[in-house]
Amino acid sequence: MADKQDGGRPEPPPRPLDAIDRDILQILHTDGRASIRSVAERVHVSRANAYARINRLIEDGVIRGFGARINHERAGQGASAYITLKIVQNTWRTVRDQLRTLPGASHIALVSGDFDVLLLVHTPDTRALRELVLTRLQSIPEVLSTRTLLVFEEDDLETEG
């Protein structure tokens, strides 16, 4: 039986990707605004074929969505940090749901090692970051401890050509 996605719908079984599918994914990863026509021309298929393939990739959950890559500092989010969390065993889904509501939360991952969760946040300044950690994160009952790693500089590798 297929696993359930967060929305409760059964996830379709993965279908194998061919070279054209992988090329389409690379094009859309580099430029999410590429037109169907442009994608079709670049992978040498008809527009109808490209359209059908992209829709299948979306339906299969391979493509999770389209969005803009943000320069957080220029968008008024000048303080960024990775925050590690140790959580009560078997509370990942509960904690994840609470972390998703945090202002500035950008990436959440369940990981192995010395801590359980890695959270990336972007806040307007260090005062807002402090408030987020000390008030919001540490008030979650399932969070046992946190460690904050302030980001001094970052490069978004996806924007590198």
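**Figure 1. Arginine 53 and its contacts in the predicted model**. Welcome to this predicted model, viewed here around arginine 53. Setting aside residues within four places in sequence, arginine 53 is in contact with Asp18, Ile20, Asp21 and Ile24. Arginine 53 itself belongs to helix 3. Its relative accessibility is 14%, so arginine 53 counts as buried, the cut-off for buried being under 20%.

**Figure 2. Helix 1 packing with helix 3**. Let us stay with helix 3 and look at its partner, helix 1. A pair of packed helices is described by the angle between the two axes and the distance between those axes. The axes of helix 1 and helix 3 are 11 Å apart, and the two helices pack at an angle of about 80 degrees. That angle makes helix 1 roughly perpendicular to helix 3. On the helix 1 side, the contact is made by Ile20, Asp21, Ile24, Leu25 and Leu28. Helix 3 contributes Arg53, Ile54, Arg56 and Leu57. Sorted by character, the residues in this contact of helix 1 with helix 3 are 6 nonpolar, no polar and 3 charged.

**Figure 3. Helix 2 crossing helix 3**. Here the view turns to another partner of helix 3. Helix 2 covers residues 36–43 and helix 3 covers residues 47–59. Their axes come within 8 Å and cross at roughly 105 degrees. Helix 2 and helix 3 are therefore roughly perpendicular to each other. Ile36, Arg37, Val39 and Ala40 of helix 2 make the contact with Arg47, Ala50, Tyr51 and Ile54 of helix 3. In this contact of helix 2 with helix 3, there are 6 nonpolar residues, no polar ones and 2 charged ones.

**Figure 4. The buried residues of helix 2**. Which residues of helix 2 are buried? They are Val39, Ala40 and Val43. These residues cover an arc of only 100 degrees around the axis, which puts them on the same side of helix 2. In general, an α-helix has 3.6 residues a turn, so residues three or four places apart point the same way. The buried residues of helix 2 pack against helix 1 (19–30) and helix 3.

**Figure 5. Two loop residues with a positive phi, histidine 44 and asparagine 90**. Most residues other than glycine have a negative phi. Histidine 44 is not a glycine, yet it has a positive phi of about 65 degrees. You can find histidine 44 just after helix 2, in the loop between helix 2 and helix 3. With a relative accessible area of 72%, histidine 44 is exposed. Asparagine 90 is not a glycine either, and it has a positive phi of about 65 degrees. Its loop is the one between strand 1 and helix 4. Asparagine 90 counts as exposed, at 77% relative accessibility.

**Figure 6. The largest nonpolar core**. In soluble globular proteins, nonpolar side chains tend to be buried together. The largest nonpolar core in this model has 17 residues. Those touching the most other members are Ile83, Leu85, Ile87, Leu99, Leu119, Val121 and Leu137. At least two residues of this core come from each of strand 1 (79–87), helix 4 (92–99), strand 3 (117–123) and helix 5 (126–136). Strand 1 gives the most to this core, with 4 residues. Apart from this core lies another one, of 12 residues, and among them are Ile27, Leu28, Val39 and Ala40.

**Figure 7. Isoleucine 83 and leucine 129 with their neighbours**. What does isoleucine 83 touch, not counting residues up to four places away in sequence? The partners are Val117, Leu118, Leu119, Val121, Leu129, Leu132, Val133, Leu137, Thr146, Arg147 and Thr148. One of these, leucine 129, is found in helix 5 and counts as buried, at 7% relative accessibility. Leaving aside neighbours within four places in sequence, leucine 129 is in contact with Ala81, Ile83, Val121, Thr123, Thr148 and Leu150. The C-alpha atoms of leucine 129 and leucine 150 are separated by 9.5 Å, while the two residues are 21 residues apart along the chain.

**Figure 8. Alanine 109 in strand 2**. Our last stop is alanine 109, in strand 2 (residues 105–110). Is alanine 109 buried or exposed? Alanine 109 is buried, with a relative accessible area of 16%. Not counting residues up to four places away in sequence, alanine 109 touches Trp92, Asp116, Val117 and Leu118. Threonine 84 is 25 residues from alanine 109 along the chain, and their C-alpha atoms are separated by 9.8 Å.

Note on methods:
Residues numbered from 1 in each chain as written. Predicted model: local features only at pLDDT ≥ 70, side-chain atom pairs only at ≥ 80, totals over all residues. Heavy atoms only, no water. Core = buried A, V, L, I, M, F, W, Y, C linked by side-chain atoms within 4.5 Å. Buried < 20%, exposed > 50% of the residue type's maximum accessible area, 1.4 Å probe, protein only. Contact = heavy atoms within 4.5 Å. Axes fitted to C-alpha atoms, helices over the stretch in contact; angles between N-to-C directions. Parallel < 35°, antiparallel > 145°, perpendicular 65-115°, else oblique. Nonpolar A, V, L, I, M, F, W, Y, C, P; charged D, E, K, R; others polar. Arc of directions from axis to C-beta.
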